[in-house]
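Q: Could you take me through one part of this model up close? I'd like the open sheet, what packs on it, and the salt bridges around it.

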Amino acid sequence: MNLVDHEFSAVRTRVEGAPGPDRGALETERAARLRDLLGKVLEGNRFYSRKLASAGFGRADIPSLREASDLRRLPFTTKAEIAADQEENPPYGTNLTEPLDRYVRLHQTSGSRGRPIRWLDTLESWTGIRSAWRTIFWAAGVGPGDRLFFPFSFGPFLGFWTAFDAAADLGLLAVPGGGMTSSARLRAIVENGITIVLATPTCALRLAEVAAEDGIDLARGRVRALILAGEPGGSIPEVRRRIEEAWGARPFDHWGMTEVGPLGFEEAGSPGDLRIIETHCFAEVVDPPTGRPSAPGERGELVITTLERAASPVIRYRTGDLVVAPEVPGSGFIALRGGIIGRIDDMVLIRGNNVYPSAVEAVL
């Protein structure tokens with residue numbers, strides 16, 4: 001069974017009750033992909049060849065990587081390191097495994113915490129990361145006959161670019177909604193018979209407010225699901241409830257980053273939880289101060305090693321996102337209970353308690 005077969009088997013386990021993938025076979029296949037990735041980056045990627053050499057890891061060490069725990073022998077990667085590399089080697093830095101003329105896509109981070117980081121993809125890596133949407137769409141019940149609306153601007157932020165391309169791959173009608181007023185977007189949703197909306201939680205709430213002002217009853221419309229990303233709100237029960245009531249549709253949370261691609265999805269039977277598409281990555285949860293693995297049920301920082309993006313990979317990338325460490329499943333993909341809880345760098349200490357903005361949002 002290859003990784004694509006594992007991917008669909010894992011999702012069918014949750015969505016249809018089908019038998020899950022063999023965990024041992026999945027781990028064996030992922031370890032082989034990791035060894036292949038490291039071979040490529042040590043050969044052609046200046047950023048990681050230097051970084052791994054500084055950690056005492058070389059080509060002779062690759063065959064010894066046999067299981068997920070072996071990742072701990074590799075150093076963490078931080079956003080600050082990537083940003084510094086791009087400052088020193090403008091404009092794209094040295095985290096490139098292929099010659100520059102092979103790259104076909106350019107995206108960048110939002111820049112909300114400093115200068116944006118640019119990210120390049122070859123056709124192969126772009127195809128690989130957008131294939132994750134087969135799983136995300138399937139888990140949300142998206143299929144033939146659905147019409148998808150994207151109420152966001154197609155700027156350099158990765159956003160739902162991969163989802164838009166993947167919808168066309170699957171033969172679904174994808175309607176762009178950039179450069180429109182909220183009222184115009186709502187008219188497009190109604191007039192085109194849209195069934196699935198992909199947006200940030202705040203965008204979904206704002207459209208619901210404008211719909212009420214314009215006399216549009218969204219709950220009586222054709223939209224039956226919203227796939228939400230870009231903010232923690234998709235996993236906050238109070239925010240989800242408001243969206244579900246206003247739209248008369250089921251919210252599905254989704255998680256991804258420019259640096260790692262689309263990797264998290266919500267299944268119908270576990271509202272507010274996120275599953276990580278492990279066929280596309282290794283996911284770890286570590287204690288932020290020490291970097292040691294967090295015990296199941298404990299909070300920690302999500303760390304990602306990508307497998308579908310060898311042309312511009314991240315190895316043990318500290319995402320800064322706070323999650324609850326999962327139990328390793330017997331089948332299917334690991335689940336992050338409560339989704340993304342908040343950002344490590346957003347935490348404030350109030351009277352001895354750790355407080356995150358998402359908690360304040362829930363109260364408001």
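**A close look at the sheet and its surroundings**

A: Let's warm up just off to the side, with helix α6 (residues 132–139), which is mostly covered: 6 of its 8 residues are buried. The buried ones are A132, W133, T135, I136, F137 and A139. After α6 comes G141, with a positive phi near 75°. Keep in mind that this is a predicted model.

Now the sheet. It's an open one of 4 strands, in the order β10-β11-β12-β14, and the pairing is antiparallel. The edges belong to β10 and β14 (342–343); each has a single partner strand, so one side of each is left without a neighbour in the sheet. Helix α2 (residues 23–44) packs on this sheet, touching β10 and β11, and its direction makes about 95° with that of β10.

Strand β11 (residues 299–306) is a good place to zoom in. It is mostly covered, with 7 of its 8 residues buried. With β10 (residues 281–286) it pairs in the antiparallel sense over 6 bridges. You can pick out the register by eye: C281 has T306 of β11 as its bridge partner, and A283 stands opposite I304 in β11. Towards β12, 5 bridges join the two strands, again running antiparallel. There, R299 stands opposite V324 in β12.

Back to α2 for a moment, since it also meets helix α3 (residues 46–54). Their axes come within 6 Å and cross at roughly 100°, so α2 and α3 are roughly perpendicular to each other. On the α2 side the contact is made by L38, V41, L42 and G44, and on the α3 side by R46, Y48, S49 and L52. Sorted by class, that contact has 5 nonpolar, 2 polar and 1 charged residues. R23 of α2 shows up in a network of salt bridges with E27, R30 and E278.

R23 also leads us to the loop between β12 (317–324) and β13 (335–336), where G330 lies. G330 and R23 are 307 residues apart in sequence, yet their C-alphas are 6.5 Å apart in space. G330 is exposed, with a relative accessible area of 65%. F333 sits in the loop between β12 and β13 too, but F333 is buried, at a relative accessible area of 1%. F333 and R275 are 58 residues apart in sequence and 6.0 Å apart in space, C-alpha to C-alpha.

As for salt bridges, the count comes to 24. One of them is within the sheet: the side chains of D321 and R343 meet at 3.1 Å, N to O. That pair links strand β12 (D321) with strand β14 (R343), 22 residues apart. D321 counts as buried, at 6% relative accessibility, while R343 is partly exposed, at 21%.

Another joins D273 and R337, at 2.9 Å, N to O. D273 lies in the loop between β8 and β9 and R337 in the loop between β13 and β14, so the pair ties together parts that are 64 residues apart in sequence. D273 counts as buried at 14% relative accessibility, and R337 as partly exposed at 45%.

Finally, E266 and R250 meet in a salt bridge at 2.4 Å, N to O. E266 is in the loop between β8 (261–265) and β9 (274–276), R250 is in strand β7 (residues 250–257), and the two are 16 residues apart. In this pair E266 counts as buried at 1% relative accessibility, and R250 is buried at 18%.

Note on methods
Residues are numbered from 1 along each chain as its sequence is written. This is a predicted model: local features need pLDDT of at least 70, side-chain atom pairs count only at pLDDT 80 or more; totals for chains, interfaces and linings use all residues. Side-chain values use heavy atoms; hydrogens and water are left out. Buried means under 20% relative accessible area, exposed over 50%, partly exposed in between (1.4 Å probe, protein chains only). Two strands pair if DSSP finds at least two bridges between them. Contact means heavy atoms within 4.5 Å. Axes are lines fitted to C-alpha atoms, for helices over the stretch in contact, and angles run from 0 to 180 degrees between N-to-C directions. Angles under 35 degrees count as roughly parallel, over 145 as roughly antiparallel, 65 to 115 as roughly perpendicular and the rest as oblique. Ala, Val, Leu, Ile, Met, Phe, Trp, Tyr, Cys and Pro count as nonpolar, Asp, Glu, Lys and Arg as charged, and the others, Gly among them, as polar. A salt bridge is a side-chain nitrogen of Lys or Arg within 4 Å of a carboxyl oxygen of Asp or Glu.
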